[in-house]
Amino acid sequence: MANAPHGGLLKDLNVRDLPLHAQLKAEAATLPDIVLTERQLCDLELILNGGFSPLEGFLGQADYESVCNNMRLTTGELWPMPITLDVSKEQAEALKLQKGSRVTLRDPRDDNALAIITVSDLYAPQKSMEAKTVFGTEDQAHPAIAYLFKQVKDLYVGGNVQAISRPQYYDYVALRYTPAELRMHFTKLAWRKVVAFQTRNPMHRAHRELTVRAARQRQANVLIHPVVGMTKPGDVDHYTRVRVYSSLMPRYPNGMAHLALLPLAMRMGGPREALWHAIIRKNFGVTHFIVGRDHAGPGKDSNGKDFYGPYDAQTLVTKYTAELGIEMVPFQMMTYLPSTDEYQPVDEVPSGTQTMDISGTELRKRLRTGAAIPDWFSYESVVKTLRESYPPKQQQGFTIFLTGLYNSGKDDIARALQVKFNEQGGRSVSLLLGETVRSELSSELGFSPEDRDRNIQRIAFVAAELTRAGAAVIAAPIAPYEASRQHAKETIQKTGGSGNFFLVHVATPLEVCEATDRRGNYKKARSGQIKGFTGVDDPYEKPTEASLTVDLTQITVAEAVHSIVLLLEADGLI
Ligand code: PPS
């Protein structure tokens, strides 16, 4: 028997509204619509499947104020997190939103009609009040506060929803359970006690040991219930994490544990978030919930202080244990004892016993450098998965972006570098010379500032994708404008990795470029046959922060290539 849902009744709106499906679908096509944001989509999915029971829609004003100020809905039920649907003023006007309006809520990924909301209220968010009451701060170093002040729009739309369809997923479909499905699973396997483990991080041996210990102490089973909706910016992506969790599951005693994914948009709200997590797990039928040190912690504030105390979350969840009917299990910090090859809770280890740990920072460093990650810390399958997603520097792609005047020698350096990288092996090498790009990608473009900018952005797009795929990319356009180069750098770093972009300024002086120009382009430019030629009647803005500057009147092409190789070596890329 699974645990009772919060409020007594599972609000599975998908099931409730199934008899009206054809009618609601037809009506949805005739209504104005709101295309949801990523966060609203996560919230709606859990409203529709009952994960947010007893909610049946987005909060109206009275519930919003009550949740913020008292952590309760106006009906008196405990509910710590405001679940709101924000729209802009313009949107509200265009949709003619008012009490009683019916609006279709659409999935932003495929435009599919997921639900119809009947508007009960339209009200202005009290952002400062919401920030202080729910998160205890207005500091925008907190991701939820940054979201509230920067992304949340002018108005909240309150109202109950009717379900039309579940969001369509193509990834890990078999692991996505609704509360009803998970409850059914527990009932089928006769699981009466279930300890849920919430996580937004990869799991290693210590996590397996602590969940097994928590279950054994309570003679319960384990639900690994990771969040795959929105987590903290910078977290390991959910694809990698789910592969990690899946590879860890066979390490549990046979039949002890089950993996299910939770499409939650986390707020990193510490204590209130922990309480919310516990309520959600209760709705999924769970009886015990593990709450860690600094559970759902957002990190440090703008003064470098923790937003919440390390045990605030455990204290708050414990306070409401009886009312909630879900038991809080404190997360025990586990440490490795090499003498017995086992993990034990830190506070149970006799003093003087040798222990071993690897911090998150140390793990990231080992992944980056390719250094060994020992078996006692993680499982081979987990490490292999992480290494595939986070290859060591030696396997990562990079872009060498050479910029300089026409005939500065940048193309010679680029070609020589290509040979050098091919000699090294290990990576696919791509050469994006200005002239190749101009004929293959940018043949319709001229040399106006806008066209040059577009040309550079195309190079950046291609370089970024290749860098991400692990290639050594050598780009060598003139790229005369600082702003274009900066934009290109951002594009490549965003997709290809922040440490994997190198700007090399080939600073051979204009007189030399001109004097050695066998094709006679500068001559044509001087005589006015070519207009807007870089260095003649169009500017070349010198880079302000190149990784390297080379001048071919001072060094040879071979020496320039060697300097670039040394730069990459120093960075661990080769
Ligand atoms: S940019 O500014 O980065 O988009 O330039 P790029 O794509 O590298 O193109 C350089 C080639 O175009 C020829 N060319 C000109 N360069 C600069 N200014 C003007 N107005 C111009 N018109 C044509 C230039 O000679 C380079 O040709 P290649 O074939 O590389 O020698």
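Here is a short conversation about a predicted model and the terms used to describe it.

Modeller: Local features need pLDDT of at least 70 and side-chain atom pairs 80 or more, while totals for chains, interfaces and linings use all residues. Residues are numbered from 1 along each chain, and side-chain values use heavy atoms, without hydrogens and water.

Colleague: Why is Arg 519 called exposed?

Modeller: Exposed means over 50% relative accessible area, with a 1.4 Å probe and protein chains only. Arg 519 has 57%, so the word fits.

Colleague: And what makes Glu 435 partly exposed?

Modeller: Buried means under 20%, and partly exposed lies between that and the exposed range. Glu 435 has 42%, so it is partly exposed.

Colleague: Which residues does Glu 435 touch?

Modeller: Leaving out residues up to four places away in sequence, Glu 435 touches Asp 411, Arg 415 and Arg 519; contact means heavy atoms within 4.5 Å. On the same basis, Arg 519 touches Tyr 406, Glu 435 and Lys 524.

Colleague: What makes β7 and β8 a pair?

Modeller: Two strands pair if DSSP finds at least two bridges between them. Strands β7 (residues 194-199) and β8 (residues 221-226) are joined by 6 bridges, so they count as paired. They run parallel, and Gln 198 stands opposite His 225 in β8.

Colleague: How do you know that β7 is a strand?

Modeller: Strands are DSSP runs of E with at least two residues, and helices are runs of H or I with at least four, numbered from the N terminus. β7 covers residues 194-199, so it qualifies.
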